[in-house]
Amino acid sequence: MREATTMTRRTFAKAAGLAGLAAAGAGASSGLFGEAPKAFADEEAQGDQIVFTHCHVNCGGACVLQCHMKDGELAYVESDTAGSSEFGGVQARACLRGRSIRRWLGSDERLNYPMKRVEGTKRGDGKYEQISWDEALDTIASEMKRIRETYGSESIFIQECSGVEQNIMMNNPWFRLSNLLGGEITRYGSYSSASISFGAYPYVYGGSWGNRSFKTLQDGELVVMFGFAPNDMRMAGDGPGYDLAVAMEQKNVRVISIDPRRTETCANLGAEWIPIVPGTDAALVAALAHELIANDLVDMDFVNRYVVGFNEDTMPEDAKGQNLSYYDYVMGTGYDKVEKTPAWASAITRIPAERITQLAQEIGSAKPCFICQGLGMQRHANGDNASRAVMALALMVGQVGRPGTTSGGTIGNGGIGLSSLPTGENPITVQIPQYLWPEAIRDGEKLTATHDGIKGADKLNVGIKMLINYGNNMMANQNGDINTTTDILRDESKCEFILQYDVAWTDSCNWADIVLPDLTPQETYSLSAAGECNDIAGIRFGQPLYEPKFERREIYEVCAELAERLGVGDEFTEGGLTREDWCRRQYDELVETVGDAYDMPTYDEGVAMGAFSYDIEPSQDNEPFIDDPEANPLETATGKAQIYSPEIAEMARTWTLDESEKNAITAIPTYVPGPDSAEDVTDEFPFQILDFHPKCTTHSTYAHNPVLQDMTPFQAWINPIDAERMGVSDLDTVRLTSAQGSMITQAKVTNRVMPGVIMHAQGAWHSAPAEGDRTDQGGCTNTLTSRQRNPISKGTGQHSVIGTIEKVEG
């Protein structure tokens, strides 16, 4: 856990009209607003108004949106103008996604009415008819009752909701309703971070530990990022990209980005780019460790006190004398008897051996050194080990748990502690890995704990028979190997009822039995905490921009009506609480909880303000474990940070593994290429193909916003060397093909991607027939990705893909 942070105190004053925060004292920097700008006042005088809301998508931010309304319609959007507008000031300014939200709200793709699959057609055919809300809710309630009575509560699964995660509702109303009826099977992990969260952190630190934000960086510090692109995906004022830009400018921080793609941090901010073959990060770390050892740069005092498994002296007693340490692996005395020299790693990573040697010197000499990783590399099939390897690097140089460092994992912050809508108690304890929900439909009770990572039971008792998809595009867009996934969904003898509840008609709607039209968070009441991964704390209040249009309805109200039909209406609403009531209640509870630390406005004052923020002074203290490891042990098997994990050693002895997973569960973070790696390319499939998070979307949200598509189009990035030999020119129409499928897109010839690798922006909406020629015309990268999984976490390994590119004539 983080040490308590020190913050600048704020006091609040009421204001009339466009109320705001009046921050007392010199240097007070944040709050909406002290005084309405003249332009806003003029608009109010003319009868127009500003409605405050915020961006809600799963980018990690929660940026303020000032929506200027004219004649009841959204005219244009501004963002946070409170506090200091100077570079480095605290303003939750939205990026181009949030600023262009008017086009998204008014998109032709919006869902307007409840729809039902036409009788006699198959899932995926895309044939639907409009029905009433009563018919839709009667059908859903009937299916919930039938399936629960027939198969039990473990047969019902509520999917992740990445499209609306940054608010207190999310998909919690579905869980609240289901728990009142007997519960449901749940998931652990996520598409974003399953390997790092469940394959690395628990076995290195006992859980997420020691993560600090870029605001903790020290003057002149070295930052080494493995596969992290904060200025591409989290570039808004409520995200870490901004914090990193400020640190680079004001603190002269030096950044090295190790990535197959030259990210915006390199292209626009001047960070150094070290290109690396995708999926080979653990090999690079092993060679860096070799040079740290050879040049006496390992912090042995730190290792001896805090770390298990670096060398023989730090091994657990039952593992000593067997050459099982990381030192043995690196220096060639371990199981494979291969010395992990820079020359060895260079052949794998394509990083020059000289640069590996130099990088080891830089990392070993930098005090402090901020070593972190993004989430891309852990979505390869060897992501569990890769994530642990980067954490091991930070441990070897003693750069964890101290000011100016992070854990070697992701970055983080403290947060303000806003709670979501309560869901009640779920009597079902069985959990599946999030990524394996299609397998839980197809294979059901064949899934076991030691083969598939089932938690809470030795195996599943039943497959998923009812699938509830709210606020996500998982079924036909965001899941690995869309063709395999949709083949599973097409078989109605497996999953018997599928509900899709969303704001737009994505291709996932074509695989549902009932489709419901949602309100966006901007069209209803909302409440969110300030963004992730930065050291500010605050709340964003949201009010509906206008009355609901067509027959769109928000999730809490709909679940309340279902609860009435199913006999638990009063329990669900606790006597009639509305969505707005819950926003007020959760906020009031927060005020009671953190009242001693923050000066917070009342709920009504906050609504008038629209938002408020505190600039937190990051902690300059060590983590308690660093100050006294005996009194504050980590929650690992040994109580220390673990390069060697006894827990994983036990898994390797007892788990049942597929052929592709054998030798991939190792107690130390070895380099295992995994399937469909750079070592597997062929004449037929000569490229590694993977996707990246672009500026224009968050997952698939906003993908059909024409403004964003024009600014940052979905394209296949290919190096000029590769483009020439494949006969591809810039802006050509091309076909990408893997063993899983093919898609049509546009080429972008650029030296911002290394040779041998094709990278494509993810999030475009899938568009292909369910049968016959299933070539995707929409540019959805998951047409190409695999169903590979990581061996420990069972998280996605879908970025382990090889394939090819060809120009499409005509």
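# Notebook: contacts, sheet and cores

**Entry 1. Val 462.** I looked up the neighbours of Val 462 and found that it touches Tyr 151, Glu 154, Ser 155, Gly 444 and Glu 445, leaving aside residues up to four places away in sequence. I note here that the model is a predicted one. Val 462 sits in the loop between helix H17 (449-452) and E15. I asked whether Val 462 is buried or exposed. Its relative accessible area is 13%; because buried means under 20%, Val 462 counts as buried. I also took the C-alpha to C-alpha distance from Val 462 to Gly 401, which is 44 Å for a sequence separation of 61 residues.

**Entry 2. The sheet.** I traced an open sheet of six strands, with mixed pairing and the order E6-E5-E17-E16-E15-E7. Which strands stand at the edges? They are E6 (128-130) and E7 (156-158); each has a single partner strand, so one side of each lacks a neighbour in the sheet. From one strand to the next, I read an average twist of 15°. E7 pairs with E15 (residues 466-470) in the parallel sense, over three bridges. Within that pairing, I found Ile 468 of E15 as the bridge partner of Ile 158. I then looked up what packs on the sheet: helix H4 (residues 133-151) does, touching E5 (115-117), E7, E15, E16 (497-502) and E17 (514-517). The direction of H4 makes about 130° with that of E17.

**Entry 3. Nonpolar cores.** I examined the largest nonpolar core, which has 68 residues. Which of its residues touch the most other members? They are Tyr 205, Phe 226, Tyr 326 and Ile 371. Helix H10 (residues 281-294) gives this core its largest share, 10 residues. For Ile 371, I listed contacts beyond four places in sequence; among them are Val 224, Phe 226, Ile 363, Val 390, Leu 393 and Val 397. The contacts of Ile 371 also include Thr 406, Gly 408 and Gly 409. Another core, of 55 residues, lies apart from the largest one, and its members include Ile 158, Tyr 501, Ile 555 and Leu 562.

**Entry 4. Helix H13.** I checked the burial of H13 (residues 342-349) and found six of its eight residues buried, so the helix is largely enclosed by the rest of the structure. The buried residues are Pro 342, Trp 344, Ala 345, Ser 346, Ile 348 and Thr 349. They pack against H10, H12 (326-331) and H14 (353-365). After H13 comes Arg 350, for which I read a positive phi, near 65°.

**Entry 5. Gln 586.** I located Gln 586 in helix H22 (residues 579-594). Gln 586 is buried, at a relative accessible area of 3%. What does its side chain reach at 3.5 Å? The side chain of Gln 586 reaches the backbone oxygen of Ser 419. Ser 419 also appears in the contact list of Gln 586, with Ile 168, Leu 418, Ser 420 and Pro 422, when residues up to four places away in sequence are not counted.

**Entry 6. The whole chain.** I counted 27 helices and 27 strands in the protein chain. The radius of gyration is 26 Å, which agrees with the value near 28 Å for a compact globule of 810 residues. Along the principal axes, the C-alpha atoms fill a box of roughly 75 × 70 × 55 Å. Of the 810 residues, 64% count as buried. Among contacts with a separation of 6 or more, 73% join residues 24 or more positions apart.

Conventions:
Residues numbered from 1 in each chain as written. Predicted model: local features only at pLDDT ≥ 70, side-chain atom pairs only at ≥ 80, totals over all residues. Heavy atoms only, no water. Pairing = 2+ DSSP bridges. Helix = DSSP H or I, 4+ residues; strand = E, 2+ residues; numbered from the N terminus. Axes fitted to C-alpha atoms, helices over the stretch in contact; angles between N-to-C directions. Contact = heavy atoms within 4.5 Å. Buried < 20%, exposed > 50% of the residue type's maximum accessible area, 1.4 Å probe, protein only. Polar contact = N/O pair within 3.5 Å; in protein donor to acceptor, adjacent residues only side chain to side chain. Core = buried A, V, L, I, M, F, W, Y, C linked by side-chain atoms within 4.5 Å. Rg over C-alpha atoms; globule rule 2.2 N^0.38 Å.
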